[in-house]
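Q: Could you take me on a close look at the place where the ligands sit in this structure? I am new to this, so a step-by-step walk would help.

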Amino acid sequence: MTRIDSDSLRDILKLYFIMGSTNCYKSPASVLKDAIAGGITLFQFREKGIDALTGDAKFALAEELQTICKEHGIPFIVNDDIDLAISLEADGVHIGQEDAPVDEVRKRIGDKILGVSVHTMEEALTAMEAGADYFGVGPIFPTKTKEDAKPVQGVQHIQHFREKGITIPMVGIGGITMENALKVMKAGADGVSVITAISKATDITKAAQRLREQVEY
Ligand SMILES: Cc1ncsc1CCOP(=O)(O)O
Ligand SMILES: C=C1C=NC(C)=NC1=N
């Protein structure tokens, strides 16, 4: 197996739905099915927060959601938990700056997709050197979903990375909705990562559809 090429990755990063049990009013399985029906292109299992599942319950939910992704041809990414990703043979992982070093994770997952959260040029350059396939940049707008999010940065970092000639696939994250998604794309992102605007929508399929329209501008 070889590393995914950037152009294919850009296509799957367009509408990057992220979710765990703590982000859903309904069952995570039904939320994911509705989001897939609305046109998400990538899914990340992110089980975090005070009521997050752990151990066997977390594994069982991950497996259930991975099966749904497989049935619909949607790649399945695991947030932070490298062991879980490896045991499930997930399509990739997403790590933050506080997680294991990028080069260590790259060694453990081989050619699978490796996403890294970056907030500064230095973090970006280090992550690229170490083998990241894409960046998650944010929080772009205010968000209540991640309690320990860094300061809201707007689209300046995405613009700055592009102005400096960084061409690596990149998604914006944080407070992204159908109203502001286009601004993120025009700043130079290849896609948007969304939790609440989809997972807590009244009509999940419609919310995903509207976001998909925005990113396909
Ligand atoms: C995981 C993460 N990283 C930066 S902001 C954020 C949460 C995004 O959630 P939402 O789309 O609900 O604002
Ligand atoms: C924190 C994150 C930033 N970006 C992405 C894509 N996922 C995350 N979990």
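A: Here is a walk through the pocket, one ligand at a time, followed by the annotated residues and the wider setting.

Keep in mind as you look around that this is a predicted model.

Let's start with ligand 2. The space it takes is the largest pocket. Two elements each give two or more residues to the shell around ligand 2, namely β1 (15-19) and β7 (170-173). If you click through that shell, you will find Y16, I18, Q44, R46, N79, H94, S117, G136, V171, I173 and S193. Sorted by class, the shell of ligand 2 holds six polar residues, four nonpolar ones and one charged residue.

Now zoom in on the polar contacts of ligand 2. The side chain of Q44 has an N or O atom 2.9 Å from a nitrogen atom of the ligand. The side chain of N79 also brings in an N or O atom, at 3.2 Å from a nitrogen atom of ligand 2. For H94, the distance between a side-chain N or O atom and a nitrogen atom of ligand 2 is 3.4 Å. How much of ligand 2 does the protein bury? On its own, ligand 2 exposes 270 Å², and 91% of that is buried by the protein.

Next comes ligand 1. Ligand 1, too, sits in the largest pocket. Its surroundings are made up of R46, T143, T145, K146, I173, G174, G175, V194, I195 and T196. You may recognise R46 and I173 here: they are listed around ligand 2 and also around ligand 1. By class, the shell of ligand 1 divides into five polar, three nonpolar and two charged residues.

The contacts of ligand 1 are worth a slow look as well. T143 uses its side chain, placing a polar atom 2.7 Å from an oxygen atom of ligand 1. With G175 the partner is a polar backbone atom, 2.8 Å from an oxygen atom of the ligand. I195 likewise offers a polar backbone atom, at 2.9 Å from an oxygen atom of ligand 1. Taken by itself, ligand 1 has 380 Å² of accessible area, and the protein covers 91% of it.

What does the record add? An unreviewed UniProt entry places the feature "binding site" at D80 and D99. These two are spread over 20 residues of sequence, yet they cluster in space, with a largest C-alpha distance of 6.8 Å. Both D80 and D99 belong to the lining of the largest pocket. To find D80, go to the loop between β3 (76-79) and α4 (82-88). While you are there, look at its backbone: phi of D80 is near 70 degrees, a positive value in a residue other than glycine.

There is one more backbone detail to visit. The peptide bond from G138 to P139 is cis, and its omega is near 5 degrees. You can find P139 in the loop between β6 (134-137) and α7 (156-163).

Finally, step back for the wider setting. The unreviewed UniProt entry gives residues 15-198 the annotation "domain: Thiamine phosphate synthase/TenI". That span is 37% helix and 19% strand, and its end C-alpha atoms lie 11 Å apart.

Methods:
Residues numbered from 1 in each chain as written. Chains lettered and ligands numbered in written order. Predicted model: local features only at pLDDT ≥ 70, side-chain atom pairs only at ≥ 80, totals over all residues. Heavy atoms only, no water. Near = heavy atom within 4 Å. Polar contact = N/O pair within 3.5 Å; in protein donor to acceptor, adjacent residues only side chain to side chain. Areas by Shrake-Rupley, 256 points an atom, 1.4 Å probe, with all protein chains shown as cover. 1 Å grid on protein atoms, 1.4 Å probe; cavity = no way out; pocket = protein on both sides within 12 Å on 5 of 7 lines; lining within 4 Å. Sits in = over half its atoms within 2 Å of the grid points. Helix = DSSP H or I, 4+ residues; strand = E, 2+ residues; numbered from the N terminus. Nonpolar A, V, L, I, M, F, W, Y, C, P; charged D, E, K, R; others polar. UniProt positions renumbered as here; feature names shortened; annotations may be inferred.
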